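Open the model in your viewer with a cartoon representation and keep the selection panel at hand. The stops below go from strands to cysteines to charged side chains.

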Amino acid sequence: MDINRESIFLKTEKSFFRDTNRSECKTDIDSNTVGKVLGIYVKATDSDGEAENERVKYKSNVIYSICYIDTENNIRKCEMSGSIYGEITGVFASGYLRIDVKTEKAEADVSSLKLVIKTVFTVEAVITEQK
């Protein structure tokens with residue numbers, strides 16, 4: 001009995017496209033009541049994207065969390081949610097699309113009436129093609 005063997009080679013190519021997204025989350029906290037900011041945690045979740053016409057449109061939900069000491073020396077915590085969205089142009093590939101969102105920088109701004117969390121995100125669109 002003869003065995004007929006065929007070899008199939010799959011070539012996988014990945015393309016990476018990056019964007020920077022800046023976001024501001026205005027809280028309900030009066031800036032006058034903030035004594036010291038202890039920590040800020042910002043996490044992007046549920047990232048999704050759609051590629052069409054040489055661009056990728058993306059959207060991601062974001063959780064903003066801040067811990068601070070108020071002017072009466074009490075530790076307080078505030079958590080809010082929001083979303084970021086945008087598009088990356090110049091995308092010339094098709095295939096499986098994955099959106100990765102990373103927090104690069106987060107800081108609290110108490111210069112306005114309400115406490116504002118300013119965040120810089122790096123958005124990366126990874127497109128995987130198999131040939």
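Begin with the open sheet of three strands, whose order is E1-E6-E5 and whose pairing is antiparallel. The model is a predicted one. Select strand E1 (12-30) and strand E5 (96-109): these stand at the edges, each with a single partner strand, so one side of each has no neighbour in the sheet. Neighbouring strands here are turned by 15° against each other on average, direction ignored.

Next, add strand E6 (residues 114-130), which pairs with E1 in the antiparallel sense over 16 bridges. To check the register, pick serine 15; the residue opposite is isoleucine 127 in E6.

Now select the cysteines. How many disulfides are there? The count is zero. Cysteine 67 is in no disulfide, and the nearest cysteine sulfur, that of cysteine 78, is 11 Å away. Cysteine 67 is partly exposed, at 26% relative accessible area. Move on to cysteine 78, which is buried at 18%. The closest cysteine sulfur to that of cysteine 78 belongs to cysteine 25, at 7.5 Å, which is too far for a bond; the cut-off is 2.5 Å.

Switch to the charged side chains. Side chains of opposite charge can pair when their charged atoms come close. Over the whole structure, nine salt bridges are found.

Go back to the E1 and E6 strands and show arginine 18 with glutamate 124, a salt bridge whose closest N and O atoms are 2.6 Å apart. Arginine 18 lies in strand E1 and glutamate 124 in strand E6, so the pair ties together parts 106 residues apart in sequence. Which of the two partners is buried? Glutamate 124 is, with a relative accessible area of 9%, whereas arginine 18 is exposed at 59%.

Then select arginine 55 and glutamate 87, another salt bridge, with the closest N and O atoms 3.7 Å apart. Because arginine 55 lies in strand E3 (residues 55-70) and glutamate 87 in strand E4 (residues 75-89), this pair ties together parts that are 32 residues apart in sequence. Arginine 55 is partly exposed at 26% relative accessibility, and glutamate 87 is partly exposed at 36%.

The last pair to show is arginine 98 with aspartate 100, a salt bridge with its closest N and O atoms 3.0 Å apart. Arginine 98 is partly exposed, at 35%; aspartate 100 also counts as partly exposed, at 22%. Finish by selecting Glu24, Asp109 and Lys118, which are joined into one network by salt bridges that share partners.

Conventions. Residues are numbered from 1 along each chain as its sequence is written. This is a predicted model: local features need pLDDT of at least 70, side-chain atom pairs count only at pLDDT 80 or more; totals for chains, interfaces and linings use all residues. Side-chain values use heavy atoms; hydrogens and water are left out. Two strands pair if DSSP finds at least two bridges between them. Helices (H or I, at least four residues) and strands (E, at least two) are DSSP runs, numbered from the N terminus. Axes are lines fitted to C-alpha atoms, for helices over the stretch in contact, and angles run from 0 to 180 degrees between N-to-C directions. Buried means under 20% relative accessible area, exposed over 50%, partly exposed in between (1.4 Å probe, protein chains only). A salt bridge is a side-chain nitrogen of Lys or Arg within 4 Å of a carboxyl oxygen of Asp or Glu.
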